[in-house]
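Visitor: I would like to learn how to read a model like this one. Can we go through it feature by feature?

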Amino acid sequence: MKTTTMFTALLVLALAAGCSREEDGMGPAQKAGKAVDEAGDKVARELRAPLEKADEAAKKLAERAEEERRQLAERTEDAREKIKDATEEAGRGLQKVTGKVGEKVEQAGEKMQDAAR
């Protein structure tokens, strides 16, 4: 809105001022064209800095997102390794317990046989 208002004001001034030929040899249409060109250049200069800032912010955001993705992947892999290790340890513990239960059952069986004799 500000740019449009500024552009319109410059165009109106250029047209109003350019109704007669002046010493510079430029007619009204030439002056209006020059004013339009200058206004366009000014708008382009004013927009360049915010666009560059927005582009830089987008780049930083993308870098942060990539870093977060990488960290999440690392944490996920660490969690998988811990789960794998815990599962293996639980399996070893289960085998050990199963072996001990088997021994106890075998001892109980031997005692029953001895008692039956």
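Visitor: Which residue forms a salt bridge with Arg70, and how far apart are the closest N and O atoms?

Guide: First, a caution: this is a predicted model. Now the general idea. Side chains of opposite charge can pair when their charged atoms come close. Here, Arg70 forms a salt bridge with Glu67, and the closest N and O atoms are 2.4 Å apart.

Visitor: Where do Arg70 and Glu67 lie?

Guide: Both are in helix α2. Three residues separate Arg70 from Glu67, about one turn of the helix.

Visitor: Which salt bridge do the side chains of Arg70 and Glu74 make, in terms of N to O distance?

Guide: Arg70 and Glu74 meet at 2.2 Å, N to O. Arg70 and Glu74 are four residues apart in helix α2, so about one helical turn separates them.

Visitor: Which residues are linked in a network of salt bridges?

Guide: Glu67, Arg70 and Glu74 form that network.

Visitor: Is Arg70 buried or exposed?

Guide: Use the cut-offs: under 20% relative accessible area is buried, over 50% is exposed, and partly exposed is in between. Arg70 has 33%, so Arg70 is partly exposed. Glu67, at 31%, is partly exposed. Glu74 is partly exposed too, with 41%.

Visitor: How many salt bridges are there by this rule?

Guide: The count is six. Another one of them joins the side chains of Arg80 and Glu77, at 3.9 Å from N to O. The cut-off is within 4 Å, so that pair counts. Arg80 and Glu77 are three residues apart in helix α2, about one turn. Arg80 has 53% relative accessibility, so Arg80 counts as exposed. Glu77 has 37% and counts as partly exposed.

Visitor: What makes the nonpolar surface patch?

Guide: Val97, Val101 and Val105 make a patch of about 260 Å². Take Val101 as the case. Val101 lies in helix α2, residues 28-116. Its relative accessible area is 48%, so Val101 is partly exposed.

Visitor: How many helices and strands does the protein have?

Guide: There are two helices and zero strands.

Visitor: What share of the residues is buried?

Guide: Of the 117 residues in the protein, 7% are buried.

Visitor: What does the accessible surface come to?

Guide: About 10,000 Å² for the protein. Carbon and sulfur atoms hold 59% of that surface.

Key
Residues numbered from 1 in each chain as written. Predicted model: local features only at pLDDT ≥ 70, side-chain atom pairs only at ≥ 80, totals over all residues. Heavy atoms only, no water. Buried < 20%, exposed > 50% of the residue type's maximum accessible area, 1.4 Å probe, protein only. Areas by Shrake-Rupley, 256 points an atom, 1.4 Å probe, with all protein chains shown as cover. Patch = residues over 30% accessible without salt bridge, like charges linked within 9 Å, V, L, I, M, F, W, Y side chains within 5 Å.
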